[in-house]
Amino acid sequence: MAKITFITSDNETIVAEADSGSVMELAVANSVSGIDGDCGGVCSCATCHVHVDPDHVSKTGEASEIEADMLELADNYNERSRLCCQIEVSDKLDGVVLHVAN
Amino acid sequence: MSEMNKSEFPDPFEKAREERGFGEVNDQNDPVKMLLRLKDVRKTAHNWKTFQSGAEPGRIVVPSEVNIRDTRQIPFEVDPPEHKGYRDLVEPWFKRPLEAEYQEKLTEIISGVIDEALEQEEVEVVEDFSLKLQSRALTLLLNIPYEESEVWIGWGKHVFRSEDTDLDADKANILYDYLDKQIDKAMENPGEDLYSVLLNSEVDGRKLTKEEVKGVMILTFAGGRDTVINAVTNSIAYFAEHPKSLQRLAAEPEIIGKAVEELVRYFAPLTHMGRVVTEDTQVCEHAVKADSRVSLCWASANRDAKVFENPNEVVIDRKVNPHVSFGFGTHNCLGATHARQILAILCKVLAEKVGSMEITSADENIEDWDEFKRKVGFDSINVKFNKK
């Protein structure tokens, strides 16, 4: 089981737990504002954009080239950007803090 | 048995995409440079300053509608910063398809169309399935009585086209005159429909004008008609020839979301959309002049082998699928939420109710973009629907 913290752009904190699925699905299930997941998680809409807390990049790993190409043109892009539909929930993620980009 | 190729949609852009990255189309003496690679399409869509949508109304559409339309479509033909006020205003309304009640009503509509098809010996899908489904679903998006769909079904398949011409001003005027009347009716008798909501809305601290309301309504009608009809029709053709995919959706409904994105990628119901260049610049290492036109070819970008493995195959559970069938960036498709729900519910109900479908005859709709001839859908396709 992984405990994941989302901090929205209005500084609301939502803590959610899961053991499978994608981080985007968890965010949508918990109504995290700013995470829409319009395309259902196939990396085509960039509506699940988060910034990974700098201390936690080792938990999430880096974006793939296809994901990075999408992110590069997204609003509020920075070097900590990820599309959270591309982050799978696992024990490794436990304790991660994600800042919603939009 | 019919041959297994009616649901194949070849990629006519491959050679030009790999060798040059662009193609050229002459359109009413206002030529268009079509961008064919996913990366170029995205970058150009992102750069709304140099590649504008807020040009003369109708000019970013290919074929150009400047000779048949004066009303600016909103927010489609408005760029930032003005774009944001309009988009923020309409966005919540166009997200209503995410609500459970909307989805229940949409399921009823789609089940109804499928039941009708199952009862008939054979169905011409474009006219007697997809047009009906699209029109009835639009009553939900507009929040108006179901019966109104009869009027739109009566207009036939094309609102802007007749049999022999791509642009038909008389046909377009049917829609524009209809919308004028509906807006007048909503002014006299406000309700909870989209017309009334828009008439009551404010942007930048002032009420929307009648012309602006009309601009949003033309976009809603025009943008969601041929595109949805093609997506639905082509999906029927695909499942008719790939019964195992339909069985798989019945067994694993959790992959329906991925299936929808993949069908939309593969079919790319809108081939491309134009932009007007605002300064001398380069695209794809090629000079383009101010006031010329480029287009973002979604259909080609979706087959770019640099990004998509097996681009010419429908991989029904494709996991990474950064397609651009709903556009990209600021002007991405306002109706995408509605369209995705239509296709997801179509997949679900087909998988539940339909055992098999058989294509008995089909006439392909081939678009002519000079050097490229692209199959985008069907002029007609006859299908037998068999109960599960």
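B:R293 and B:D27 are both buried, and in this predicted model the two side chains form a salt bridge whose closest N and O atoms sit 2.7 Å apart. The contact ties together distant parts of the chain: B:R293 belongs to strand β10 (residues 293-296) of chain B, while B:D27 lies in the loop between β1 and β2 of chain B, 266 residues away. The pair doesn't stand alone, either. Salt bridges with shared partners join B:D27, B:D30, B:R59, B:D291 and B:R293 into one network. Over all chains, the structure holds 31 salt bridges.

The strands on either side of that loop are worth a look. Strand β1 (residues 22-25) of chain B runs antiparallel to strand β2 (residues 32-35) of chain B, and the two pair over four bridges. Within this pairing, B:E24 has B:K33 of β2(B) as its bridge partner. Six residues lie between the strands of the hairpin, and B:Q28 takes a positive phi there, near 50°.

Other salt bridges in chain B come with more solvent access, going by the accessibility classes of their residues. Take B:R248 and B:E252, whose side chains meet in a salt bridge at 2.9 Å, N to O. B:R248 counts as partly exposed because its relative accessible area is 27%, and B:E252 gets the label partly exposed because its relative accessibility is 25%. Then there's B:D368, which forms a salt bridge with B:K373, the closest N and O atoms being 2.7 Å apart. The two partners of this bridge fall into separate classes: B:D368 has 51% relative accessibility and so counts as exposed, since the exposed class starts over 50%, whereas B:K373 has a relative accessible area of 46% and is therefore partly exposed.

Over in chain A, the topic shifts from paired charges to a surface patch. A:E17, A:D19, A:D91 and A:D94 form a negative surface patch. One of its members, A:D91, is found in the loop between β4 (81-83) and β5 (97-100) of chain A. Why does A:D91 count as exposed? Its relative accessible area is 54%, and the cut-off for exposed is over 50%. That value also explains why A:D91 can be part of a patch at all, because patch residues need over 30% relative accessible area and no salt bridge.

Conventions. Residues numbered from 1 in each chain as written. Chains lettered and ligands numbered in written order. Predicted model: local features only at pLDDT ≥ 70, side-chain atom pairs only at ≥ 80, totals over all residues. Heavy atoms only, no water. Patch = residues over 30% accessible without salt bridge, like charges linked within 9 Å, V, L, I, M, F, W, Y side chains within 5 Å. Areas by Shrake-Rupley, 256 points an atom, 1.4 Å probe, with all protein chains shown as cover. Salt bridge = Lys/Arg side-chain N within 4 Å of Asp/Glu carboxyl O. Lys, Arg positive; Asp, Glu negative; His and termini not counted. Charge placed at Lys NZ, Arg CZ, Asp CG, Glu CD. Buried < 20%, exposed > 50% of the residue type's maximum accessible area, 1.4 Å probe, protein only. Pairing = 2+ DSSP bridges.
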